[in-house]
Amino acid sequence: MVVDEIADADLDRLFQALADTTRRDIVSRVLIEEHSVSGLAVHYSMSFAAVQKHVAILERASVVTKEKRGREQIVRIHLLGIQRARKLLDEYETIWRQRVDRISDILAEDQPAKNQGDHT
């Protein structure tokens with residue numbers, strides 16, 4: 001399972017990074033196309049330095065990468081980080097679907113016993 005493959009600290013960084021609305025918006029923007037940090041900053045009512053900090057958090061969580069291009073810092077999506085998050089959430093979904101299926105099975109097993117009691 002992915003949970004076993006990813007260190008707890010890495011998971012914490014990943015989900016803490018994605019817990020913030022601004023950072024999720026940055027991720028959405030760079031999923032579509034790369035942006036400079038200054039290009040990202042124009043979309044938010046915060047300082048350039050604050051946007052830089054958000055990008056740094058995403059970079060530490062391996063969600064984005066930065067590349068210096070001249071005087072600009074270009075931000076790109078790091079698909080492996082996004083894929084790790086998706087795979088982990090897919091595994092959680094599988095676990096919960098199995099639990100729901102098991103509950104349905106238990107309820108179905110109990111149903112005939114109730115129906116038999118109604119007919120006697």
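Two strands count as paired if DSSP finds at least two bridges between them. I needed that rule before looking at the sheet. The model I am reading is a predicted one.

**Entry 1: the sheet**

I looked up how the strands are arranged. Three strands form an open sheet, in the order β1-β3-β2, with antiparallel pairing. β1 and β2 stand at the edges with a single partner strand each, so one side of each is left without a neighbour in the sheet. I noted the background too: strands of a sheet pair through backbone hydrogen bonds, either parallel or antiparallel.

**Entry 2: the bridges**

Next I went through the pairs. How many bridges join β1 to β3? I found two bridges between β1, residues 35–36, and β3, residues 72–77. These two strands run antiparallel. H35 has V75 in β3 as its bridge partner.

Then I turned to β2, residues 64–69. Six bridges join β2 to β3, and this pair is antiparallel as well. I picked out V64, whose bridge partner in β3 is I77. I also checked E67, which stands opposite I74 in β3.

I followed the chain from β2 into β3. The two strands form a hairpin, with two residues between them. G70 lies in the turn and has a positive phi of about 65°.

**Entry 3: S36**

I stayed with the edge strand β1, since S36 has its place there. Is S36 buried or exposed? I read a relative accessibility of 15% for S36. Buried means under 20%, so S36 counts as buried.

I listed what S36 touches, leaving out residues up to four places away in sequence. The list is E72, Q73 and I74. E72, Q73 and I74 fall within the range of β3, residues 72–77. I also found a polar contact of 3.2 Å, which joins the side chains of S36 and S38.

**Entry 4: S62**

I looked for an odd backbone angle outside the hairpin. S62 has a positive phi of about 60°, although S62 is not a glycine. I placed S62 in the loop between α5, residues 48–60, and β2. S62 is partly exposed, with a relative accessible area of 27%.

**Entry 5: I57**

I moved back along the chain to I57, which is found in helix α5. Its relative accessible area is 29%, so I57 is partly exposed. What does I57 touch, not counting residues up to four places away in sequence? I found A17 and R23. I checked the second of these by distance. I57 and R23 are 34 residues apart along the chain, and their C-alpha atoms are separated by 8.4 Å.

**Entry 6: rings and charges**

I searched for aromatic pairs. A pair of aromatic rings is described by the distance of the centres and the angle of the planes. The count here comes to zero aromatic pairs.

I did find a charge over a ring. The charged end of R99 sits over the ring of W96, 4.7 Å from the ring centre.

**Entry 7: the whole protein**

Last, I stepped back to the overall picture. I counted six helices and three strands in the secondary structure. From the N terminus on, the elements run α-α-α-β-α-α-β-β-α.

I asked how many of the 120 residues count as buried. The share is 25%. The protein exposes about 8,200 Å², and carbon and sulfur atoms supply 52% of that area.

I closed with the contacts. Among those with a separation of 6 or more, 53% come from residues 24 or more positions apart.

How values were computed:
Residues numbered from 1 in each chain as written. Predicted model: local features only at pLDDT ≥ 70, side-chain atom pairs only at ≥ 80, totals over all residues. Heavy atoms only, no water. Phe/Tyr/Trp six-rings, centres within 6.5 Å; stacked < 30°, edge-to-face > 60°. Lys NZ or Arg CZ within 6 Å of the ring centre and 35° of its normal. Helix = DSSP H or I, 4+ residues; strand = E, 2+ residues; numbered from the N terminus. Buried < 20%, exposed > 50% of the residue type's maximum accessible area, 1.4 Å probe, protein only. Polar contact = N/O pair within 3.5 Å; in protein donor to acceptor, adjacent residues only side chain to side chain. Contact = heavy atoms within 4.5 Å. Areas by Shrake-Rupley, 256 points an atom, 1.4 Å probe, with all protein chains shown as cover.
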